[in-house]
Structure formats: C-alpha cells, structure tokens
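Hi everyone, thanks for making time this morning. I'd like to walk you through one structure, so let me put it up on the screen.

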Amino acid sequence: MVRTSDQKLVIVTGAGGHIGREVCRLLKTNECDVLAIDVDGDVAAGVVACDLRSPAEVLRLFEDRGVRAVIHLSAILPSAFEREPFSGADVNLTACFELLLQTVKAGVKRFVFASSMSVRSEER
C-alpha cells in the first residue's frame, strides 16, 4: 500500500546542481516530498547518490515508492561532452533512456526533461 506522503514524491535528478537545488527548494516549499539525487550525493544537503548509468541504481529509485513525477535535470555539460563524447553520450542519452524506461514501468504519469544546448558559431 502506498502511504499518503509518498503519493507526492517527486524524483529530481541533478539535484546537486544550481537549477536542481532550486527546483528541490521550490517543490519543498509547495509541500512536495522530494527524492533529490545526483551522481555525487550530499548527505548534508539531503541529496542521495545515484549513478543514472547503473540500471540497478535507477530501478531502486522506484522500489516501494509512489512516485508522482520525475524531473530530469542531470546531464554532462557541452564542454565536458566535447572532451569525452562517449562518456557524455552514456550519461546524456543512455542514462536518460534508462530513467525514462523505469519511469514508464513504474506507472509514473509525469516526466519533465530539461536541457540546454550550446550552439557555437564558427568562422569559415
């Protein structure tokens, strides 16, 4: 049975970043239960360590929880992606798809994906 408090649970990925921290703060202000996750957990800030590249770790996010929504904010920034494109694709694509797959399997109705794209203008 899902507890009433769990029915408001929102998972926020990238919660260790500036935008992620602010989203978590706003959700908590609106009395939502938040599961804040980031690859680098921060116990003092209430951020749980989770590597989205690990299907087992992603699956654990949904076990025995009534998740209302997932807000996916974690990603490799464009400069790091350029330096290590395979690692960047692993995080930005493969991990995102795994998170989305587990969200669907858990029957979660809301998945919010936020991303920024850097476009460089090159002189020719």
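Let's begin with a single residue, D42. Is D42 buried, exposed or partly exposed? Its relative accessibility is 36%, so D42 counts as partly exposed, given that buried means under 20% and exposed means over 50%. Please keep in mind that this is a predicted model.

Where does D42 sit? You'll find D42 in the loop between β2 and β3. Have a look at A15 too: 27 residues separate D42 and A15 in sequence, and in space they are 9.5 Å apart, C-alpha to C-alpha.

From that loop, let's step back into β2 itself, residues 34-38. Of its 5 residues, 5 are buried, so the strand is largely enclosed by the rest of the structure. If you follow the side chains, V34, A36 and D38 point one way from β2, while L35 and I37 point the other way.

Now for the neighbours of β2. Strand β1, residues 9-13, runs parallel to β2, and 4 bridges join them. One pairing to look for is V10 in β1 with its bridge partner V34 in β2. To get from β1 to β2, the chain passes through helix α1, residues 18-29, and this β-α-β crossover is right-handed.

β2 also pairs with β3, residues 47-49: these two strands run parallel and are joined by 3 bridges. Here A36 stands opposite V47 in β3.

What about the packing inside? In soluble globular proteins, nonpolar side chains tend to be buried together. In this model, the largest nonpolar core has 14 residues, and the ones that touch the most other members are I11, I37, L52, L61, F62, V67 and L99. Which elements give two or more residues to this core? They are β1, β2, α2 (55-62), β4 (67-72) and α4 (85-105). α2 gives the most, with 3 residues. Apart from this core lies another one, of 11 residues, including V10, C24, V47 and I71. You've met V10 and V47 already: V10 is bridged to V34, and V47 stands opposite A36.

Last stop, the outside. L93, F97, L100 and V104 form a nonpolar patch on the surface, and together they have about 390 Å² of accessible area. F97 belongs to helix α4, one of the elements that give two or more residues to the largest core. With a relative accessible area of 55%, F97 is exposed, because the cut-off is over 50%.

That's my tour, and I'm happy to take questions.

Notes
Residues numbered from 1 in each chain as written. Predicted model: local features only at pLDDT ≥ 70, side-chain atom pairs only at ≥ 80, totals over all residues. Heavy atoms only, no water. Buried < 20%, exposed > 50% of the residue type's maximum accessible area, 1.4 Å probe, protein only. Pairing = 2+ DSSP bridges. Right-handed = clockwise from strand over helix to strand, strands pointing away. Core = buried A, V, L, I, M, F, W, Y, C linked by side-chain atoms within 4.5 Å. Patch = residues over 30% accessible without salt bridge, like charges linked within 9 Å, V, L, I, M, F, W, Y side chains within 5 Å. Areas by Shrake-Rupley, 256 points an atom, 1.4 Å probe, with all protein chains shown as cover. Salt bridge = Lys/Arg side-chain N within 4 Å of Asp/Glu carboxyl O.
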